[in-house]
Amino acid sequence: MPANPQGDQGMESRGILGAIGYLVRPLILGPVCFAIGAGVVVLILGIPGLTSAESAGWASAVATVLAVGVALLAIASENRHRVSERNRADGIRNEELLAAGLRARAELERQEAARKSQARRLAKIFDRELTEAARELIALIKLTEKVTAHNLEEYKAIYAEPLRMSVFTMHERFVDHLDVFPDITAISIVNNMTNWSTLTLMSEGMKTAPRLDFFAIRHKLLAEFRETLVIIGETKTELQTYFADIPGIKMFDLDEIREMNAAKADFELRRLAESAADGKA
């Protein structure tokens, strides 16, 4: 392999600089300067033609200069050492701050991933229950529209008991975990439970109002039922955004639920018609 002159020169330069740095350390330089000063003093004192007083003066001056030089070099070396230590400490502190920042960021990312995962699971659970609630409301609306004086008693018998609160079992179970959703979504989820449990007549069952003039308030009942259904549909649409990217999961909007529920509603209508016919007979 051919030699690299520039690399050899660089290594040689670093070796020279390292040797110089070693030699100027106070522990090395001090004795050297002292020896030089002493030698100069002996040399000067031994020069003919100078009086002892002159020789002593020259020796004192040279020794003073050398002492000052040693002191300045010692100060410079100490300053370099302090700067080096400070830089090293700053480097360690910066590394620790960086590591702490990375750990904090990783923890935040972990918490955010956990929040998203829980929100996705709860959204699917709530959507499933809202689908069941929508199916019951759609049947209720259709039957309420078709009630006549001939089948009113059968209608009252069907809805004598309150609507099933068990539809919202998981809503009630996880109502304290809604902080994984935005406020508006959490409010919608709670509103659906509240609306379901406060539907006029249906929340307590029609048996509690045996003398009620049903046909006088039917339009109000239908308006309330339809509004509740619309809110459920809006909440379903919002919740489905949380798990729409999961393959293999079927999502139903209100139109699809209406189609699914048509058979059930038609069955109940036939029951009403048959009951009315039996009454006439």
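Helix H6, which runs over residues 183–197, offers a simple check on geometry: at 1.5 Å a residue its 15 residues should span 21 Å, and its end C-alpha atoms are indeed 21 Å apart, so the expected and the computed spans agree. Within H6, the residues Thr-185, Ala-186, Ser-188, Ile-189, Asn-192, Met-193 and Trp-196 are buried. They cover an arc of only 160 degrees around the axis, which means that they lie on the same side of H6. The face of H6 turned away from that buried side carries the exposed residues Asp-183 and Ile-184.

The model in which this helix sits is a predicted one. The protein has eight helices and zero strands, and from the N terminus on its elements run α-α-α-α-α-α-α-α. Buried residues make up 27% of the 281 residues, while the protein exposes about 17900 Å², of which carbon and sulfur atoms supply 61%. Among contacts between residues at least 6 apart in sequence, 78% join residues at least 24 apart.

One place to see contacts of this kind is around Leu-137, which lies in helix H3, residues 52–146. Leu-137 is buried, with a relative accessible area of 0%. Leaving aside its neighbours within four places in sequence, Leu-137 is in contact with Trp-196, Leu-199, Phe-225, Thr-228, Leu-229 and Ile-232. Trp-196 has already appeared among the buried residues of H6. Phe-225, for its part, stands 88 residues from Leu-137 in sequence, yet the two are 6.8 Å apart in space, C-alpha to C-alpha.

Helix H3 also takes part in charged pairing. Side chains of opposite charge can pair when their charged atoms come close, and the structure holds 11 salt bridges. In one of them, Lys-236 meets Asp-127, with the closest N and O atoms 2.8 Å apart. This pair links distant parts of the chain, since Lys-236 belongs to helix H7 (residues 214–240) and Asp-127 to helix H3, 109 residues apart. Are these two partners buried or exposed? Lys-236 is buried, with a relative accessible area of 1%, and Asp-127 is buried as well, with a value of 2%.

Other salt bridges join residues within H3. The side chains of Glu-109 and Arg-105 meet at 3.3 Å, N to O, and because these residues are four apart in helix H3, about one helical turn separates them. Glu-109 counts as partly exposed at 47% relative accessibility, whereas Arg-105, at 56%, counts as exposed. Glu-132 and Arg-128 form a salt bridge at 2.6 Å, N to O, and they too lie four residues apart in H3, about one turn of the helix. Glu-132 is partly exposed at 23% relative accessibility, and Arg-128 is partly exposed at 43%.

Aromatic rings provide a further set of pairings, and the structure holds six aromatic pairs. The rings of Tyr-155 and Tyr-159 have their centres 5.3 Å apart and their planes at 55 degrees, so this pair is tilted. Tyr-155 is buried at 0% relative accessibility, and Tyr-159 is buried at 9%. The rings of Phe-214 and Phe-215, with centres 5.5 Å apart, have their planes at 80 degrees, so that pair is edge-to-face. Phe-214 is buried, with a relative accessible area of 1%, but Phe-215 is partly exposed, with 34%. Ring pairs link Tyr-155, Tyr-159, Phe-214 and Phe-215 into a cluster.

Technical notes:
Residues numbered from 1 in each chain as written. Predicted model: local features only at pLDDT ≥ 70, side-chain atom pairs only at ≥ 80, totals over all residues. Heavy atoms only, no water. Helix = DSSP H or I, 4+ residues; strand = E, 2+ residues; numbered from the N terminus. Buried < 20%, exposed > 50% of the residue type's maximum accessible area, 1.4 Å probe, protein only. Contact = heavy atoms within 4.5 Å. Areas by Shrake-Rupley, 256 points an atom, 1.4 Å probe, with all protein chains shown as cover. Phe/Tyr/Trp six-rings, centres within 6.5 Å; stacked < 30°, edge-to-face > 60°. Expected span 1.5 Å × (residues − 1). Arc of directions from axis to C-beta. Salt bridge = Lys/Arg side-chain N within 4 Å of Asp/Glu carboxyl O.
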